[in-house]
Amino acid sequence: MRNDSRLSRMLHVLIHMDKHQHSATSEMIAKMLNTNPVVVRRTMAGLREQGYVRSEKGHGGGWTLVRPLSDITLLDVYRAIGEPHLFAIGPADDQPECLVEQAVNVALGDAMKEARALLLQRLGGVTLDKIAADFEAKLATRPATSYSCAS
């Protein structure tokens, strides 16, 4: 199963947007993420609907961050992009009348419910400014020419 990288990608985008003074076009973001501008617009729409970014059409337009990174958590972004599946594992349904499968599914379901709750709690406790500060600390230890990110 392929990983869903939308959360990671949107966190990346939002932190870059905070570091730049100008709006970022869908084309610029798409180039940075090596994807299609249509995918960017579709994904950023959820962030716009939640009030984290705004978009301007036309010349000089693009996406602009409208909330400080300190007001945005990982959980906020996760929810804004549509709450993608957190885990690739799940219950089987090949033999629903099998008592072993039923017992396994209950045990897995309980464990997954607990794991999901813990992960969502942790996501809610991390703001984007913490991630940006970690980036800044790492950047400060490197020569200026060693940093590379197409933004």
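In the predicted model, arginine 41 has a relative accessibility of 37% and therefore counts as partly exposed. Its side chain forms a salt bridge with glutamate 27, and the closest N and O atoms of the two are 3.6 Å apart. Arginine 41 is in helix H3 and glutamate 27 in helix H2, so that the pair, 14 residues apart, links distant parts of the chain. Glutamate 27 has a relative accessibility of 45% and is likewise classed as partly exposed, because buried means under 20% and exposed over 50%.

Helix H3, which carries arginine 41, covers residues 37-49 and has 13 residues. From its first C-alpha to its last, H3 reaches 18 Å, which is close to the 18 Å expected at 1.5 Å a residue. The buried residues of H3 are Val40, Thr43, Met44, Ala45, Gly46 and Leu47. The cover over these buried residues includes helix H1 (6-19), helix H2 (26-33), strands S1 and S2, and helix H4 (74-80).

Helix H1 contains leucine 14. With a relative accessibility of 0%, leucine 14 counts as buried, because the limit for that class is under 20%. Leaving aside residues up to four places away in sequence, leucine 14 touches Leu47, Val53, Leu65, Leu69, Val77 and Leu128. One of these contacts, Leu47, is also among the buried residues of H3. The C-alpha atoms of leucine 14 and leucine 120 are 20 Å apart in space, and the two residues are 106 apart in sequence.

The two strands named above form a hairpin, with five residues between them. Strand S1 spans residues 53-56 and strand S2 residues 62-65, and the two pair in the antiparallel sense over four bridges. Glycine 58, in the turn, has a positive phi of about 90 degrees. Across the hairpin, arginine 54 stands opposite threonine 64 in S2, and serine 55 stands opposite tryptophan 63 in S2. In a regular strand, side chains alternate between the two faces of the sheet. The side chains of arginine 54 and glutamate 56 meet in a salt bridge, at 3.4 Å from N to O. Arginine 54 is partly exposed, with a relative accessibility of 40%. Glutamate 56 falls in the partly exposed class as well, because its relative accessible area is 44%.

Side chains of opposite charge can pair when their charged atoms come close. The model has six salt bridges in total. Besides the pairs already described, lysine 19 forms a salt bridge with glutamate 136, with the closest N and O atoms 3.1 Å apart. Lysine 19 lies in helix H1 and glutamate 136 in helix H6 (residues 128-140), so this pair ties together parts that are 117 residues apart in sequence. Lysine 19 counts as partly exposed because its relative accessibility is 35%. Glutamate 136, at 34% relative accessibility, is also partly exposed.

Two loop residues have a positive phi although neither is a glycine. Asparagine 34, in the loop between H2 and H3, has a phi of about 55 degrees. Its relative accessibility is 72%, so asparagine 34 counts as exposed, the limit for that class being over 50%. Glutamate 83, in the loop between H4 and H5, has a phi near 50 degrees. At 38% relative accessibility, glutamate 83 counts as partly exposed.

On the surface, Phe87, Ile89, Val100, Val104 and Leu108 form a nonpolar patch. Together these residues have about 430 Å² of accessible area. Leucine 108, one of the patch residues, is located in helix H5 (residues 99-124). Leucine 108 has a relative accessibility of 33% and therefore counts as partly exposed, whereas leucine 14 in helix H1 is buried at 0%.

Terms used. Residues are numbered from 1 along each chain as its sequence is written. This is a predicted model: local features need pLDDT of at least 70, side-chain atom pairs count only at pLDDT 80 or more; totals for chains, interfaces and linings use all residues. Side-chain values use heavy atoms; hydrogens and water are left out. Patches are made of residues with over 30% relative accessible area and no salt bridge: like charges are joined within 9 Å, nonpolar side chains (Val, Leu, Ile, Met, Phe, Trp, Tyr) within 5 Å. Accessible areas come from the Shrake-Rupley method with a 1.4 Å probe; for residues, only the protein chains shown count as cover. A salt bridge is a side-chain nitrogen of Lys or Arg within 4 Å of a carboxyl oxygen of Asp or Glu. Buried means under 20% relative accessible area, exposed over 50%, partly exposed in between (1.4 Å probe, protein chains only). Two strands pair if DSSP finds at least two bridges between them. The expected span of a helix is 1.5 Å times one less than its number of residues. Contact means heavy atoms within 4.5 Å.
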